[in-house]
Amino acid sequence: MTNRRFFTTNRQEPGLWLVLIFVLIIVFCGCKNLGNTGDFTRTTSSIRLDDIAKQVQSNPVSALNLIFIYKEIYSVTEDSDNEDWNKLYSLEKASIENIKSEQEKAIEEERWDDAISLGRSITSIGITNAHTGKEAVFLLADARKKAADGDMLGAFLTALRSHDMQPMDYQSALFFLEKAVEAKQRRAAALFLAAAGGRNIPPALREYAAGRDTVSDMIKGVATVIVDRGHRIQRGIGFLPNRVLGSAFFIDSSGLMITNYHVIASEVDPKYQGYSRLYIRMGDSTSPRIPARVVGWDKALDLALIKADINPEYVFSIVDRVIPRVGDTVFAIGSPMGLEQTVTSGIISALGRRFLQIGNVYQMDAAVNQGNSGGPVIDSEGRLVGVVFAGIAQHQGLNFAVPAQTLAKALPAMMKGGRAPRPWLGLTLCETFYGAEIIYKSPNTPASLHRLGEGVYIKTINGREINADQGALIPALQDELFLYGPGELVAVETVDREGNVKKHILMTSARPDLPLLEAARIERRDRIAAPLFGMILTPLQNNLFVSNFRVERVVRGSVADEAGISENDPVSISRFRIMENEGYALLEIQVKKRRMGYLETNMLLPVWLDSPDTL
């Protein structure tokens with residue numbers, strides 16, 4: 001009876017039906033009128049234009065981003081008789097003028113970071129103004145301002161960036177040489193001496209810059225890091241101290257030090273709910289613990305900036321642009337297993353290893369153990385080469401270091417405090433013979449808002465064609481965007497196999513700690529197989545609930561490739577699980593491998609969610 005009544009009416013229901021019919025008539029008539037006036041066909045675009053108009057004054061860069069998205073969605077071309085086009089053109093012109101005005105104001109107020117950021121956004125859309133190409137000039141002005149404020153570390157780093165873009169003039173080089181000698185930064189002094197050309201340099205400055213620090217000197221600038229996490233409790237009894245040991249080295253006389261993020265993670269990770277206190281120790285185990293705090297961190301690079309109230313005896317210079325060669329001798333300084341002031345030596349075993357989200361790292365065979373993490377790696381000339389970041393527990397003697405030049409680029413963002421944001425477009429790439437191919441666009445990212453196709457290749461970024469050795473193209477593309485902040489415009493040019501070129505203007509956002517986590521949560525399992533496992537799948541049946549696929553392609557070096565899966569293998573997906581706290585995902589499949597006579601095999605494929613192939 002209950003089901004039948006759902007399809008019938010009682011005496012009280014006719015009034016309700018009359019109301020519904022009346023509402024439908026009004027809606028129909030309203031829609032008809034809108035269609036007659038032409039408003040209905042432009043409602044969506046009008047809403048978008050209104051959204052853009054709201055951003056023009058408050059955030060003109062965001063307004064420009066919305067304008068370019070609008071152009072792609074509606075395929076807008078110049079048409080002076082089109083009302084929407086005219087309004088869009090006016091909004092674009094106003095946004096550009098507002099960006100120029102904001103940059104002028106930033107220059108007047110000596111907010112050099114803002115001036116540079118706005119300038120990059122203007123340049124990306126091909127607009128020139130009075131300040132186009134003056135980033136090096138702004139950086140040099142910012143370096144002098146930082147020096148005047150007593151921020152010598154920031155001054156040296158900024159001056160170095162300026163010099164990389166445009167050779168420094170003699171007076172500026174001499175100024176920073178004097179500052180480097182005052183700060184007892186020998187390697188920085190050597191760099192600025194070279195920038196000055198070696199002419200008319202006071203003998204005392206030249207002598208200091210030409211000198212060399214010994215390993216014994218450098219040991220004084222390395223500390224043991226102790227993160228006290230209380231006691232381990234088992235069955236209600238606390239019996240073992242829970243400590244994390246690491247190393248750190250001073251990079252500024254104010255007490256700033258570099259270590260690894262994973263060493264101090266419990267200090268800043270919101271998911272950690274336990275007790276955590278950070279200390280450093282400058283001598284042996286009898287030396288007092290000195291309280292320290294975390295200033296900033298970059299999880300993607302496993303780097304952290306910490307500070308203690310101490311006047312260090314030695315400060316490492318991080319301005320060297322040293323790229324070691326395979327076979328070069330290096331020294332690692334740190335506190336393995338808490339044994340302070342330990343020096344080990346070895347060679348650079350390989351360059352270009354990809355163990356972090358961004359960029360490459362060095363592989364070395366110097367003996368490194370628990371407690372070495374965060375310590376400095378120097379070469380035979382006393383130059384900082386890198387930062388020890390991890391070893392592989394199952395393979396003794398296989399250890400790695402973050403390059404010193406990566407540290408130098410990462411530091412300015414960490415010095416601002418908190419989590420260092422890195423740019424993110426939402427693309428997963430695959431290096432092929434033709435270039436860097438886009439194999440996946442993550443949802444809810446800058447790239448997903450644009451008609452940026454999968455299966456095309458990145459041709460240029462901001463007009464620059466990126467060339468690199470085999471295996472180094474994706475890190476080179478990441479490096480091109482490394483110094484960009486969230487909210488800046490970037491021009492990405494793509495090309496397909498037929499040679500058709502398209503240009504897209506994207507606005508960067510902050511890179512997530514786990515770039516593919518959100519995609520793994522909401523994407524179809526066959527779609528997420530491409531960026532995570534390196535399998536591009538095609539359904540075997542035209543069925544909404546299909547779970548049987550054919551492997552269309554396998555990305556070289558991917559999880560699928562390492563598992564022996566090949567093209568045209570039939571695959572059935574059983575289960576997909578996300579282990580968010582651990583940072584990885586699991587895919588359970590049945591695959592009939594052609595190479596094994598189509599013998600069906602059950603496989604469980606694990607993969608990290610922080611893929612290094614993302615941009």
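Student: Is Asn 260 buried or exposed?
Tutor: Happy to look at that with you, keeping in mind that this is a predicted model. Asn 260 sits in the loop between strand 3 and helix 13 (261–268). Its relative accessibility is 0%, and buried means under 20%, so Asn 260 counts as buried.

Student: Which backbone nitrogen does the side chain of Asn 260 reach?
Tutor: Leaving aside neighbours within four places in sequence, Asn 260 is in contact with several residues, including Asp 302, Ser 373 and Gly 374. At 2.9 Å, its side chain reaches the backbone nitrogen of one of these, Gly 374.

Student: Which helix gives the most to the largest nonpolar core?
Tutor: That core has 36 residues, and Leu 407 is among those that touch the most other members. Several elements each supply at least two residues, among them strand 3 (256–259), strand 6 (303–308) and helix 14 (404–415). With 7 residues, the one that gives the most is helix 14.

Student: How many residues does the other core have?
Tutor: This other core lies apart from the largest one. Its members include Val 551, Val 555, Ile 565 and Val 571, and its size is 34 residues.

Student: Is Leu 278 buried or exposed, then?
Tutor: Good one to try! Leu 278 belongs to strand 4 (residues 277–281). Beyond its neighbours within four places in sequence, it is in contact with residues including Val 225, Ile 264 and Ile 306. Because its relative accessibility is 4%, Leu 278 counts as buried.

Student: How far apart in space are Leu 278 and Val 244?
Tutor: In sequence, Leu 278 and Val 244 are 34 residues apart. From C-alpha to C-alpha, their separation in space is 9.5 Å.

Notes: Residues are numbered from 1 along each chain as its sequence is written. This is a predicted model: local features need pLDDT of at least 70, side-chain atom pairs count only at pLDDT 80 or more; totals for chains, interfaces and linings use all residues. Side-chain values use heavy atoms; hydrogens and water are left out. Helices (H or I, at least four residues) and strands (E, at least two) are DSSP runs, numbered from the N terminus. Buried means under 20% relative accessible area, exposed over 50%, partly exposed in between (1.4 Å probe, protein chains only). Contact means heavy atoms within 4.5 Å. A nonpolar core is a set of buried Ala, Val, Leu, Ile, Met, Phe, Trp, Tyr and Cys residues joined through side-chain atoms within 4.5 Å. A polar contact is a pair of N or O atoms within 3.5 Å; within protein, one must be able to donate a hydrogen and the other to accept it, and residues adjacent in sequence count only if both atoms are side-chain atoms.
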